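Trainee: Could you go through this one with me, starting wherever you like?
Mentor: Gladly; have a look at it first, and then we can talk it over.

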Amino acid sequence: MSNPKNPLSDPKTWAPETQLVHGGGKRSQFNETSEAIFLNSGYAYPSSQHAEDLFLHKIEGHNYSRFANPTLDMFQDRMALLEGAEAARAFSTGMSAVTNAVMSQVRAGDHIVAARALFGGCRYVVEDLMPRFGVASTLVDGRDPANFERAMQKNTKLVFIETPTNPTLELVDIAAVAAIARAHGAKLIVDNVFATPLFQHPLALGADLVTYSATKHIDGQGRTLGGVVLGSKALIEADVHTLLRQTGPSLSPFNAWVLLKGLETLPLRVNQMTASAAKVADFLADHPKIARVSYPFHKSHPQYDLARRQMSSGSTLIAIEVKGGREAAFKLSDSLSVILISNNLGDAKSLITHPGTTTHARFTEAVRLESGITPGLLRLSVGLENADDLIADLGYGLEQI
Ligand SMILES: *Cc1c(COP(=O)(O)O)cnc(C)c1O
């Protein structure tokens, strides 16, 4: 960065670890090393003419922090570099990012096809919210791409998937679904939270927009909420930016700074957590009190080949089916001392949750079972503790059943 003649000064040539420390960085006149927090809402202009030119987009610059702020620029540019996307926009939460991405691509009379195994809020957006505004939706079993093909209609403008899915860690074949969407003139949005931007690249597999809850691995330390939408300049700067600018689910510059700092250590944290998750999955898969473990890079995963094809690593989440239903699942969770009971994920602290009575409690039993959310299902987010301590904790908990 300091020497523009050096070919290595192009951040696109850097490995992710380097991009995440330096990418998108901008220094003020004070030459600070760490990124500055621009905790301001507005900007003062040198002249009225300057203000007019700015609002007419004749010159570049910032005019209001609802839609542009230097700390957010740094976070967005760093995320875009990592994702290999042309552009990115930051949001106050993962859900505002997803809602914007969906709403930016449809209007009344359109139709959405989505996989039914979705994060609770995302399912609400496509199944309940959008139909209230005249956008119908069809939910399908995402494990077989043929189900998407069958659900496509003449007015289908959008396909929405999440893979691996929450909470059962099923996979959707991104390249296959992207080809179906494209053949029908529909856009594909992939919620890539579980795989993280390090282990799966939906844009390269044919997706049009990628969304993240930055609350999860990107912060990864339980401090702040945030969200990001990434894609081509055309989709982001026209559709996504316009909706963000006019409806205002903007990220606070302070939270953007927290997320920038989170990105610096993302590979260190996520690689360590993933190594531990693989060890923990091996331990659980062999345990007599566990009926089934779902971890994308464990050989027992029904879509193991697909996992190997579209992910470069198994990531940090494990779904486990405890023998003995809800009572046994509660007993295990309640007996743990290192692993905390919490519905967050991607955190430095290992977290366990019982989806059937928490994140998916609002659904009927029938809908839960259809999505694989059985009474004995627990979702484990593996954190930064020593893997042997986690295995000892789970071993003790399982003995109590
Ligand atoms: C957490 C999460 C969201 C929502 O993000 P928030 O930051 O909590 O609003 C969306 N999708 C997935 C897969 C998530 O895990």
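Mentor: We can take the ligand site, then a helix beside it, then the charged pairs, keeping in mind that this is a predicted model.

Trainee: Okay, which residues come nearest to the ligand?
Mentor: There are 14 residues around the ligand, and those that come nearest are M95, D191, S213, T215 and K216. By type, the shell divides into six nonpolar, five polar and three charged residues.

Trainee: And what do the polar side-chain atoms of D191 and T215 lie close to on the ligand?
Mentor: For D191, a polar side-chain atom lies 2.7 Å from a nitrogen atom of the ligand, whereas for T215 the partner is an oxygen atom of the ligand, at 2.6 Å. S213 also takes part, since an N or O atom in the side chain of S213 is 2.8 Å from an oxygen atom of the ligand.

Trainee: How much of the ligand's accessible area does the protein cover?
Mentor: On its own the ligand has 380 Å² of accessible area, and the protein covers 92% of that.

Trainee: Which helices supply at least two residues of that shell?
Mentor: Those are α4, spanning 94–103, and α9, spanning 215–219.

Trainee: Let's stay with α4: is it mostly covered or mostly open?
Mentor: Mostly covered, as eight of its ten residues are buried; the buried set consists of G94, S96, A97, V98, T99, N100, A101 and V102. At the N-terminal end of α4, T93 acts as a cap, with a side-chain oxygen 3.3 Å from the backbone nitrogen of M95.

Trainee: Changing topic, where is E35, and is it buried or exposed?
Mentor: E35 sits in the loop between α1 (16–22) and α2 (48–55), and with a relative accessible area of 10% it counts as buried. Its side chain has a polar contact of 2.7 Å with the side chain of R78 and another, of 2.9 Å, with the side chain of K261.

Trainee: What else does K261 pair with?
Mentor: K261 forms a salt bridge with E264, in which the closest N and O atoms are 3.0 Å apart. The two are three residues apart in helix α11, so about one helical turn separates them, and E264 is partly exposed at 25% relative accessibility.

Trainee: Which nonpolar patch is on the surface, then?
Mentor: I37, L39 and F254 form one, with about 280 Å² of accessible area together. F254 belongs to helix α11, residues 253–264, and is partly exposed, with a relative accessible area of 37%.

Trainee: Back to charges: how many salt bridges are there, and what does the one between R362 and D128 tie together?
Mentor: The count comes to 15 salt bridges. In the pair you mention, the closest N and O atoms are 3.9 Å apart; R362 lies in the loop between β11 (351–353) and α15 (365–370) while D128 is in helix α5, so the pair ties together parts that are 234 residues apart in sequence. R362 is partly exposed at 48% relative accessibility, and D128 is partly exposed as well, at 32%.

Trainee: And how far apart are the closest atoms of R368 and E365?
Mentor: In that salt bridge the closest N and O atoms are 3.0 Å apart, and the residues are three apart in helix α15, which puts about one helical turn between them. R368 is buried at 13% relative accessible area, whereas E365 is partly exposed at 39%. Elsewhere, salt bridges that share partners join R116, D141, R143, E170 and E370 into one network.

Key:
Residues are numbered from 1 along each chain as its sequence is written. This is a predicted model: local features need pLDDT of at least 70, side-chain atom pairs count only at pLDDT 80 or more; totals for chains, interfaces and linings use all residues. Side-chain values use heavy atoms; hydrogens and water are left out. A residue is near a molecule or strand if one of its heavy atoms lies within 4 Å of it. A polar contact is a pair of N or O atoms within 3.5 Å; within protein, one must be able to donate a hydrogen and the other to accept it, and residues adjacent in sequence count only if both atoms are side-chain atoms. Accessible areas come from the Shrake-Rupley method with a 1.4 Å probe; for residues, only the protein chains shown count as cover. Helices (H or I, at least four residues) and strands (E, at least two) are DSSP runs, numbered from the N terminus. Ala, Val, Leu, Ile, Met, Phe, Trp, Tyr, Cys and Pro count as nonpolar, Asp, Glu, Lys and Arg as charged, and the others, Gly among them, as polar. Buried means under 20% relative accessible area, exposed over 50%, partly exposed in between (1.4 Å probe, protein chains only). Patches are made of residues with over 30% relative accessible area and no salt bridge: like charges are joined within 9 Å, nonpolar side chains (Val, Leu, Ile, Met, Phe, Trp, Tyr) within 5 Å. A salt bridge is a side-chain nitrogen of Lys or Arg within 4 Å of a carboxyl oxygen of Asp or Glu.
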